[in-house]
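Work through the exercises below with the structure open. Try each task before you read its solution.

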Amino acid sequence: MPNLPRWLLEAKDSVPRWLSSLAHPSGPGRYRFATDAFEPFDLDSTSMAYNIRSCLGMTISDQERTGWIDYLCSMQRPEDGLMIDEGMERHIITTHAQPTAEEVANVRRWTTRNGIMTLLGLGGRPPHRLHHAEAFRSPAEIVDYMESLHWHNPWGAGSWAGAAIIFQNLNRLMGDENAPEIIAAGVDWLVKHQDPETGAWSDGSDIALNVLINGIFKVWIQVLNITDMPVQYPERVVDLCLRGFAESPALRDTPDACSIFDVAYVLDIALRHCDYRRDEVAEVTSRCFDGFLPLLRPDGAFSYGPGGSLANHGGLQLAPVKDQADITGTALVCSALSLLANLCGAREELGWVPWQEWAGVRGQDATTQQF
């Protein structure tokens, strides 16, 4: 078992302190994006804070949980079930005088997905069903949707495919009798279109290794815990990930928090379904820890990239770039580190919880959180 670097063991104390400093006094669940952020709190930062607290094993009192659930429920609009954060929407990136309807819809879909899954993770239920464009009414609609996605970019297509399943699952939990059949059709499409040679989803063209892996991540992290979708071709997935570590500049030369979290998650899932090349995985992942040191900021948590806090995310401008941690980077890095520790045998030393062990299990009440 490798000895974890001292800076990481010190971060076990500094990250919770930093996160507490971002909690807004107006009520449970409200968090800033960074110490210096464009909004005093925002909807997506509450999702990232939930991820961090769960990963680090930080407790949530019953009183706080109730307040957090009430806050999230208050953000949902009854007419279409979308969660609306007006403060966030003041910072939508656009080249127009006002954001286009498509730009607004894109932000609302991913913030709604993250907010709803955090709400479910806390034990709450949204008050309204979803009625937006990706809340389908028949199996044929979700199949057409899957076919329409741009699988030349599995990272993006996998994200939207998984989100579509999440939206139908929410409506299933809310009593939609058609939802199970729609979910089954979407899962069946994904099962049939997974490449048995790589375990990835794509259009078959030449695609960067890290993008193929990120596409698997986007599907698995959203779909596995809420459906009976099988984990297919785990050995080929392990091969793909190890090849990515060896050949992909995004994983080998200048890794970012997102890509390392994605590949660590995919490896962890695959090795829960096979015992293939496990020692090689442990060796490779044990060398990844110090790659995160450039992301550790003086305030005791992590930025998304080595140059400072993340300026924009998901079509939003969220904070000025400066030498400070941000909540998205911290959530991704902590999740990645917990998975790396699990893969290389240092789990007990770190003491953090791998993602899929706090995010739930298969079944009606299973939850999943998407980055």
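Two exercises follow, on a predicted model.

**Exercise 1. Overall form**

Task: Decide whether the radius of gyration of the chain agrees with that of a compact globule.

Solution:
1. Start with the make-up. The chain has 16 helices and 2 strands.
2. Take the length, 371 residues. A compact globule with that many residues would have a radius of gyration near 21 Å.
3. Compare. The chain has 20 Å, so the value agrees.
4. Add the outline. Along the principal axes, the C-alpha atoms fill a box of roughly 55 × 50 × 45 Å.
5. Look at burial. Of the 371 residues, 58% are buried.
6. Look at contacts between residues at least 6 apart in sequence. In this set, 71% join residues at least 24 apart.

**Exercise 2. A helix pair**

Task: Describe how helix α10 packs against helix α12, and say which residues make the contact.

Solution:
1. Locate the helices. α10 covers residues 234-247, and α12 covers residues 257-270.
2. Read the geometry. The axes lie 9 Å apart, at an angle of about 150 degrees.
3. Classify the angle. Over 145 degrees counts as roughly antiparallel, so α10 is roughly antiparallel to α12.
4. Give the handedness. The crossing of α10 with α12 is left-handed.
5. List the contact residues. α10 supplies Pro 234, Val 237, Val 238, Cys 241 and Phe 245. α12 supplies Ile 260, Val 263, Val 266, Leu 267 and Ala 270.
6. Sort them by character. The contact of α10 with α12 has 10 nonpolar residues, no polar ones and no charged ones.

Conventions: Residues are numbered from 1 along each chain as its sequence is written. This is a predicted model: local features need pLDDT of at least 70, side-chain atom pairs count only at pLDDT 80 or more; totals for chains, interfaces and linings use all residues. Side-chain values use heavy atoms; hydrogens and water are left out. Axes are lines fitted to C-alpha atoms, for helices over the stretch in contact, and angles run from 0 to 180 degrees between N-to-C directions. Helices (H or I, at least four residues) and strands (E, at least two) are DSSP runs, numbered from the N terminus. Angles under 35 degrees count as roughly parallel, over 145 as roughly antiparallel, 65 to 115 as roughly perpendicular and the rest as oblique. A crossing is left-handed if the near helix is turned anticlockwise from the far one by less than a right angle, and right-handed if clockwise. Contact means heavy atoms within 4.5 Å. Ala, Val, Leu, Ile, Met, Phe, Trp, Tyr, Cys and Pro count as nonpolar, Asp, Glu, Lys and Arg as charged, and the others, Gly among them, as polar. The radius of gyration is taken over C-alpha atoms; the globule rule is 2.2 Å times the number of residues to the power 0.38. Buried means under 20% relative accessible area, exposed over 50%, partly exposed in between (1.4 Å probe, protein chains only).
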